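Trainee: Got a minute to go through this one with me? I'd like to start with a single helix and work outwards.
Mentor: Fine, put it up.

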Amino acid sequence: MSAMTIGLIMFAGMLALMVVRIPIAAAMFIPGALGYWAMAGDTALFNVLKGSAVARLTLYDLSVIPLFLLMGQFATQGGLSRALFRAAAAFVGHVRGGLAMASVLSAGAFGAVCGSSVATSATITQVAYPEMRRFGYQGRLSTAALATGGTLGILIPPSVPLVVYAILTEQSVGKLFAAAMVPGILAMLGYIAVVAICCRLRPDLGPAHAPTPWAQRWQALWGIWPILGIFLVVFGGIYGGVFSPTEGAAVGACLTLLAGMARRELGIRTIARCFVASAETSAMVFLIFLGADMMNASLNLTQMPSHLAAWVTSLQIAPLWIVSAVLVFYVLLGCVMDEMSMLLLTIPVIFPAIMGLDLWGLSGEMKAIWFGILVLMTVGIGLIAPPVGLNVYVVNNLAGDTPMGDTYKGVFPFLAWDVLRVALLLLFPTITLGLVTVFFP
Amino acid sequence: MAIKALLRTLTWSAAVLGGLIALLVGGMTVASVAMRFFTTQPIQGDVEMVQMGIAIAISLCIAWCQMRGANIIVDFFTQSARPGALRALDGLGCLAMAVMYLLLAWRTTVGAFAVHEAFETTMTLELPMWWAYAALAPGLALAALVALVQAWMHFSGQDPRRLHGQASQEEAFA
C-alpha cells in the first residue's frame with residue numbers, strides 16, 4: 001500500500017469515527033496512530049508517543065490557554081459582566097433596540113478579558129436577557145443579539161482559537177491579537193448597526209424607553225473601571241514590550257481574581273467552581289491537540305500536505321478565489337464541527353497551500369496573519385449559523401422561552417454583516433494588517 | 001457505589017488542584033514580571049516553572065474533563081438515532097478515549113524511565129526532565145479509569161452522568 005493510500009484511509013476512518021459520535025480527540029488519535037504504525041512500524045510509533053504528551057503540554061506558548069481560560073472564568077463568576085451591561089444599558093438602553101445594542105457592547109467589552117465565545121454568550125445572556133424581556137423586547141432580537149454578540153468573545157483579543165492558530169502556524173500571538181483588534185471592533189459596530197436597522201424596520205422588536213439620568217450613568221460607568229484597567233494593563237504590557245502574551249495572561253488572571261474578590265463575588269467556593277470549569281475546557285482543548293498531533297505526524301509521513309500545496313499552486317485559478325473557496329469550506333465545516341477541532345484538523349493541511357499563493361503581494365508573515373483573521377471571522381460565522389450554531393444553542397437554553405427557529409430567523413441579518421465583513425477583509429488586507437505595522441514597525 | 005464516590009472525589013480534587021497549580025504558576029509569573037520591571041532581575045527559571053506547572057495542571061484536569069463528558073463530539077449526524085444506539089456509540093466513544101489515555105500514560109511512563117537514564121535536565125534550574133514525564137502519567141491513568149467505568153455504565157444501561165451529580169459536588173464542597 002502506498003503512503004498516499006494509507007493517508008486517504010486514515011482520513012476516511014477519522015471522518016467515519018466523527019460521524020458516529022466518537023470524541024474528536026480519539027477520532028483523530030486512533031486512525032493517526034494506526035496509520036503511523038502501518039507506515040513506520042510499531043517501534044517508531046511507540047517512540048513518538050513517548051514524548052508527545054510532554055512536548056505538547058510543556059509548550060510555553062500554549063500555557064497562555066489555561067491562564068486566559070482562568071481569567072475568563074474569574075471575570076464570569078466575578079460579576080464583571082453585570083457591571084458592564086449596566087453601564088452600557090445606562091448610556092444606550094433608552095433608544096430603540098438600545099438594550100440589544102448594550103448586550104453587543106458589553107459582550108465586546110467582556111470579550112476583551114475573555115477568550116471564549118460560549119462563555120461570553122452565556123454570561124451576558126444571564127444578565128441581559130431578563131432585562132430585555134422586562135422592557136418588552138421580542139425574543140428573537142434578544143437571543144440573536146446575544147448569540148451574535150458572544151462571538152465577539154473570540155473576535156476581540158484575547159482569543160483562544162487565535163492562540164491555537166498562532167501555535168499551528170508558528171506565528172506571533174501578539175501580532176495576531178493586534179491584527180484582530182480592528183476587525184473585532186468593526187464586527188461590534190456592525191452588529192450595533194444591524195440592531196438599529198432591524199428596530200427601525202420593525203419598531204416592535206425592541207421598544208424605546210425613558211433615558212437613564214446622568215448621575216446614574218456616571219455611577220454605572222464607575223463600576224467598569226476594573227475591566228478597563230485590566231484590559232489596559234494586559235494589552236498595554238504586551239504591546240509596550242513589558243511582557244509576553246503568556247505573562248500577560250498570568251497578570252490578567254491574577255488581576256481579574258483580585259477584582260472579583262474586591263467586589264466580594266469570589267469566595268473559596270466560587271473560586272473552586274472557576275477552577276473546575278476552566279479545568280474542563282483546558283483539558284478538552286489539549287486532548288484535541290494531542291489527537292491532532294498524532295494525525296498530523298502521520299499525514300506528514302504520507303506527504304499529503306505538501307502534495308496538496310503543490311497541486312493548489314499549480315491550479316490556474318486566481319488565488320483570491322482559492323482563499324474564498326477555503327473560507328466557504330470553513331463555513332460548511334463549522335455547521336457540524338466546533339472551532340477548535342476545525343482549526344487543529346485543517347490548518348496543518350491547508351496552511352502550506354495558502355502560503356504558496358501570491359495574495360496581494362503580502363510577505364509570508366503578513367499573509368499568515370491576514371489569513372488567520374479571515375479564518376477566525378469565518379469560524380465566528382459557524383458559531384451562529386444554522387443548523388448547529390453552538391452559541392445559539394447556549395443562549396437559547398439559558399433564555400428558555402424563545403423557540404430555536406425564532407432565534408435563527410433573528411440571526412440572519414447579523415450573518416449578512418458577517419459575510420460582508422469577511423469580504424471586506426478579503427479585499428482590503430490593510431484593515432487587518434494596519435495595526436500590526438503600527439505596533440511592530 | 002463506594003468506588004464511584006471515591007472516583008468522583010478523586011477526580012474533582014485533581015481538577016481543583018490543577019486549577020490551583022495554574023493559579024500559583026500565574027502568581028509566580030506576576031512576581032517575576034514585577035521583579036524584572038523594578039529590579040531588572042526576574043525569578044530564575046520562571047519559564048521552566050510555567051512549563052512544568054501548566055503541564056502538570058492540565059494532566060490533572062483531564063480526568064475531570066472525561067467525567068463531565070466535556071470532550072467534543074459531532075452529534076449532527078446522530079440526532080435521530082434511537083437511545084439504545086446512542087448508548088452503544090457513546091460507550092464505544094469512552095472506550096476509544098480510554099485507549100488514547102492508556103497508550104499515552106504507558107508511553108509517557110516509559111519515556112520517564114528513558115529520560116531518567118539519560119540524565120536530561122531543564123536549562124536554567126537543571127530540574128530533572130523525568131519529573132515532567134512522571135507527573136503526567138497519573139492524570140492520564142485516572143482519566144483512563146474514568147473512561148472505562150463510563151463505558152461500562154453506558155453498556156449496562158446506567159446513566160454515566162450519575163458519576164458526577166450536582167448533589168455530590170455540593171457534598172464535596174461541604
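Trainee: What covers the buried residues of α3(A)?
Mentor: The cover includes α2 (24-40), α10 (160-169) and α15 (268-302) of chain A, together with α2 (46-67), α3 (83-117) and α4 (130-155) of chain B. Helices here are DSSP runs of H or I with at least four residues, numbered from the N terminus. This is a predicted model, where local features need pLDDT of at least 70, side-chain atom pairs count only at pLDDT 80 or more, and totals for chains, interfaces and linings use all residues. Residues are numbered from 1 along each chain as its sequence is written, chains are lettered from A in the order in which they are written, and side-chain values use heavy atoms, without hydrogens and water.

Trainee: And which residues of α3(A) are buried?
Mentor: Among them are L45(A), L49(A), A53(A) and L57(A). K50(A) and R56(A) are buried as well. Buried means under 20% relative accessible area, exposed over 50%, and partly exposed in between, with a 1.4 Å probe and protein chains only.

Trainee: Where does α3(A) bend?
Mentor: At G51(A), by about 30°. That is the angle between axes fitted to the seven residues ending there and the seven starting there.

Trainee: On to the interface. How many residues of each chain are in contact?
Mentor: 59 residues of chain B are in contact with 54 residues of chain A, contact being heavy atoms within 4.5 Å. The area buried between the two chains is about 5,300 Å², and carbon and sulfur atoms give 80% of that. Buried area is the accessible area (1.4 Å probe) that two parts lose on being put together, summed over both.

Trainee: How many salt bridges between chain B and chain A?
Mentor: Three, each a side-chain nitrogen of Lys or Arg within 4 Å of a carboxyl oxygen of Asp or Glu. On the chain B side of the interface, α1 (2-39), α2, α3 and α4 each supply at least two residues. α3(B) gives the most, with 18 residues.

Trainee: What does D90(B) pair with?
Mentor: R21(A), with the closest N and O atoms 3.0 Å apart. The pair crosses from helix α3 of chain B to the loop between α1 (3-19) and α2 of chain A. D90(B) is buried at 19% relative accessible area, and R21(A) counts as buried at 13%.

Trainee: And E280(A), what is its partner?
Mentor: R68(B), again as a salt bridge, with the closest N and O atoms 3.0 Å apart. E280(A) counts as buried at 18% relative accessibility, while R68(B) counts as partly exposed at 31%.

Trainee: Different topic: is S159(A) buried or exposed?
Mentor: Buried, with a relative accessible area of 1%. S159(A) sits in the loop between α9 (152-155) and α10 of chain A. Its side chain reaches the backbone oxygen of I154(A) at 2.9 Å. Leaving aside neighbours within four places in sequence, S159(A) is in contact with G115(A), I154(A), F177(A) and L376(A).

Trainee: Last one. How far apart in sequence are D418(A) and R421(A)?
Mentor: They are three residues apart in helix α21 (residues 404-427) of chain A, so about one helical turn separates them. D418(A) forms a salt bridge with R421(A), the closest N and O atoms being 2.9 Å apart. D418(A) is buried at 1% relative accessible area, and R421(A) is buried at 1% too.

How values were computed
A polar contact is a pair of N or O atoms within 3.5 Å; within protein, one must be able to donate a hydrogen and the other to accept it, and residues adjacent in sequence count only if both atoms are side-chain atoms.
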